[in-house]
Amino acid sequence: MTDTAESSLAATAAAKPPFYRDATVVKWIVQVVTLIAVILAMIFLVGEAGDNLKAKGINTGFDFLNVNPDFSIGDGIDNAPDTGGRALWVGMVNTIRLSVAGIALATILGVLIGISRLSSNWIVAKVASAFIEYMRNIPLLVHIFLLFFTLGQLGDFGRNVDPVTGELSQGPINGWVHVSNKGLSIPRVHIADGFYQWMIFILAGAIVGRWLMNKRNAVRDATGHETYPVLNFVGVIASFGFIGWFLHPIFGWVGDAIFGPLSRAIPNVPEVALQLILSGLAVMGAALWIKRFLDNRRTPAGLAQLTDDDWFRMIFAGVSAVLASLVFLVIWPGLASWIINSSRDFFEVAADKFGDGRGNWREDWPIDAARPDIEKRGNFANVGPGGLNFSQGFAALFFGVVLYTSAFIAEIVRGGILAVPKGQTEAAQAIGLRRSTMLRRIILPQAFRVSLPPLGNQYLNLTKNTSLAIAVGYSDVVQVGQTIFNQTGRSLEVFMIWMLFYLACSLTISVVVNFFNVRLKIVER
Amino acid sequence: MVMGTERLDEATAELLANVAAEDAKRPDEPSLPFGEWVKKNLFSSIPNAFLTVFFSLLTLFAYRQILNFVFSEERRWEGVRVNLRGLFTFSYPASQYHRIWITLGIVLVLSGMSMGLMKSIGRGFSIKRISMWFYSVGLSLVVGILLREPSVLKDADGLARWSFPDGSPIARSETGLLLIRDDEGVSLLAEGESPLLLRESFGSAMSDRGWWWIIAVFALGIGSALWFGFGDMKRRTTFIPAIPLTFGFLGLFISSVWWYQWGHYGRDDAGILISEPDRLVASTTRIPWTILWFVLVLAYVAGRALVRTERAGLTRVLIGFSALLTPFVTYFVILRDPDLDWAHVWSTDIPMALAFMVGGGLIMWILTNPAIGERGRLIATALMGIAVFNWVAAFFGWYAMLQKARISFLLLALAALAAHNFAGDARQRLRSVWGWMGAMVIVHYLATMINTAETVAAPDQFAGGFVVTIYIAVFTMIFSFPLGVILALGRTSRMPLFRVMSTIYIEVVRGIPFITILFFFAVFVEFFLPEGMDLAALASAGIAFTLFSAAYLAENIRGGLQAVRQGQYEASDALGLTTVQRTGFIILPQALRVSIPPLVGAVIATFKETSLLSIVGLTDFLRVANSNIPGQTEFLGVKREGLLFICLIYWIGSYSMSKYSQRLEKQLGVGER
């Protein structure tokens, strides 16, 4: 930042300073020295860790991923994982499940509460603000513990027996909602056979609907008449869905005809080709980036002078691309075969899901629903299509995280609405919009634009907060990882897996939020 | 961050004081008549009326459930009441309690003084508002008395009475067990039936709550007296300052230890811990609290007396410095009590400190001479060479040297490198010298205190409860702040390598959950340390908190840095300021001013995150409530009471901090552009 001043001074003096007084050189010396110091310190610490581990007789390495971990997992897609890697995968799926469901529910709740807090009704506003102040001023962990013990104080599942029918029962709404010391159980909708064939109909409906909507939009823009484009869009999807509900078996051939051949064809792709494609993509990406960067520096008078920082950016991009292709080609050749195998597996699964043999047209609905089913006193039914069961730990964690985050989201929504200039409301009133139209068309879109980036932060926080599962014994990735390092002592490796997993989650959420953020940005001339 | 108001320059402070004075004259909003208010706010339209009815019923239901829970006969609040000592200080040796009282006293003196020294203390609360408070307290008491279910009937032994579903009472055996089986052991209850708890009638419940009625009527009476005693205009324009009012309520609360039987958990004659619910708090608790209240009030009064004098500015600076130093002093001296080897102190420590003070002061005097030019840099570089060589020599063991000396050399070299930024006339140069000497006094004092044996047991063994919460929060705040500033400067810097390093650090730390970092430091950090080095659990947790919090602070400060206009950079370049001068005197002050409210938010977040300490095995506040109290034989399984209590403490802490930050935001005029 000083270079502007210093370089112009140097220019007037018309003499090049000695190298040790040259700001650019000194800066680079300082930076390189610091970088080397940091790298040396890390090498020292890692070496120290290696020596200490060796002295304590603890093995290192990732072999635990392929060894039977000898523990069972209470919740998740696999209760008795046969390898450590599988166990961690179960934990990751649990974390992802919690986060996705949590984000959806917290957003809905948060928006409702945020709007209620601005309500003109005194008691609604007060109740909303009391909720917010209660939730956000107390640590999440305390909330989770409170919920956990409150659930634990409740009665057994299926404690009472109906004297007339002899059925096991447990309220509050028998057969629909059960709350007990084992957690809670609610009805659920689940994917049944034929769902995927039905989705083809929905997809077709979306395409047709989109086309129709564009058409209606054009008509509205041209004539000024209200043509209800969104209603048309939704209507087309709904009618396609309705027809598909009965006709979905006609797509039974998709699995065998498309995905089956694909899954058989993919292993024939040579690994080298994939490696070359990947490294080519990396190099091309870097080249494109550098080109765009230089274009941005180009003024009508020619290319602006490049600073050392600009050079660094371009060199950095180039070097990263070369490193990436090295990784693909030499360092980690297994990546290509892993990609090939996974895509083969993916298409195999797809072929199975889209496969035929669902014969009965009358009974195979795409979607099915089930109510909680009490089979046994004191426990959930673990098998069969029962309701949606939340174990005690899961329920405490899930509702704790959701309620906590929804309080923050409510504040963000309120802030966003308040940030819309008052002139917008007044202008909307002046052109005679109704209150609901004004909210929908004027206020909320602008409020959403302001509140999207902090909302993304809250989604990140929610995802990270699910790691408190360890406090209530729910098997998320941190809890499973902790069990593994207690057994094997592979603490550093587990820590690295945690780090990579959460960084990947954060990156995914950031990318999604950023995508919408860019789309919502005001286009400036 | 507490010093936020102190950092303002005089002109701004004056302006703010004027604004506050204007504010003080502005009356509250006139109040609508009751009927109109209800119509406007609750029943303005039909959907609104439905909402009002629904939410009123919901609120009443929730209120009833809360009351039934809190006042239920099954609740064992004495589990919290007699464990207050454990919750706040855990197993701190009772013989050493005076240290904690003294620490608290220092903190209260400092905060009382700085509150008193504030230029504007706000306009406070109007009589109208205070009267509304009394009304709402009285009304909620009345509603609560009517809503709560009648108490359980008890027999002569104090055991609850039960009945069969048809109403006939269930007898008890001599051992107090309910007799729900006949002589042959056959249950008298049909399948699916459960016994009922006998409760008193509604009328007798109402008459039993006589004291509550009296308090409710009293509150309503005060409310009405305030409301009708003042005319409408006077009610709205008479303000009572917030701080004295708070002190008054605090005093009322503290006075209760003299007249309310809070209960006591002490040792009996045989030395066994017993709980005694129905007696006053021990005098060893009663008297210090009372004294502390007077100390707080006196400090505030002293601050108020000083605020109009010339010394106010100097006192503010002194208090700011002391507030920064207090945690170290209290930790190292009051909580740790070093066992000093006085012969060594006199023969080595003090002479060395003096040598560095004088020698370093001389170097600073020379190097801040504007005429020294290029030679100054050469001297500074040479000093840096010596300092680095000392560390290299230490690594290879060429010669012995006190670590303190190595650190001092390094600090001296850094100060010398930065010295030319402070060049000026004699007065300016003298100020640098004094600054260096002060820094040396503090560094050597702390280094000496840390490096000696201690007389109180190691902190890890007795540090627990709220003390740990506060210590971690305060240390995180103090250490993560400078680190956050450095990271933020690095991330916005034009030096690419610094930018890349800071960005990687910030994004990685922000991307992973705190609990994994805490695990890393609790479990793995021992592997990284060289042979023979050890880190206390509390210290490693503190480091984890600091490193984590710094990444978040850095993002807040970066926001502030980006809010500084480009013109400020250009203007300081035009003045010929160096990078250090521009950053330190022009950019950072403006950036920090903007980022104070989010920084307070970060402090609140850290305060709440301290609850995670209980997961990695430290005995913090939450762990005491969650596992220590339920583990006591008298209070087996009493969990929710303790948890609710710490909810209350956390709530008060976070809520008051967030209110403070809102006020600060208003004062600084952030967001009103």
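Student: What makes contacts in chain B long in sequence reach, and what share is 24 or more positions apart?
Tutor: This is a predicted model. Take the contacts in chain B with a separation of 6 or more. Residues 24 or more positions apart account for 78% of them.

Student: How do you know what fills the box of chain B, and what is its extent?
Tutor: Use the C-alpha atoms, along the principal axes. The box is roughly 100 × 65 × 45 Å. Chain B holds 26 helices and eight strands. Of its 673 residues, 25% count as buried.

Student: Why is Q568(B) called buried, exposed or partly exposed?
Tutor: Count the other C-beta atoms within 10 Å: Q568(B) has 14. Buried needs 20 or more, and exposed needs 12 or fewer. The count of 14 meets neither cut-off, so Q568(B) is partly exposed.

Student: Where does Q568(B) lie, and what is it in contact with?
Tutor: Q568(B) lies in helix α23 of chain B, residues 566-574. Leave aside neighbours within four places in sequence. Then Q568(B) is in contact with I586(B), I587(B) and Q590(B). Contact calls for C-beta atoms within 7 Å.

Student: How many residues of chain A are in contact with chain B?
Tutor: On chain A, 50 residues are in contact with 48 residues of chain B. Elements giving two or more residues to that side of chain A include α1 (3-13), α2 (23-55) and α17 (491-520). The largest share, ten residues, comes from α2(A).

Student: What classes of residue make up the side of chain A that touches chain B?
Tutor: That side has 32 nonpolar, twelve polar and six charged residues.

Definitions and conventions:
Residues numbered from 1 in each chain as written. Chains lettered and ligands numbered in written order. Predicted model: local features only at pLDDT ≥ 70, side-chain atom pairs only at ≥ 80, totals over all residues. Contact = placed C-beta atoms within 7 Å. Helix = DSSP H or I, 4+ residues; strand = E, 2+ residues; numbered from the N terminus. Nonpolar A, V, L, I, M, F, W, Y, C, P; charged D, E, K, R; others polar.
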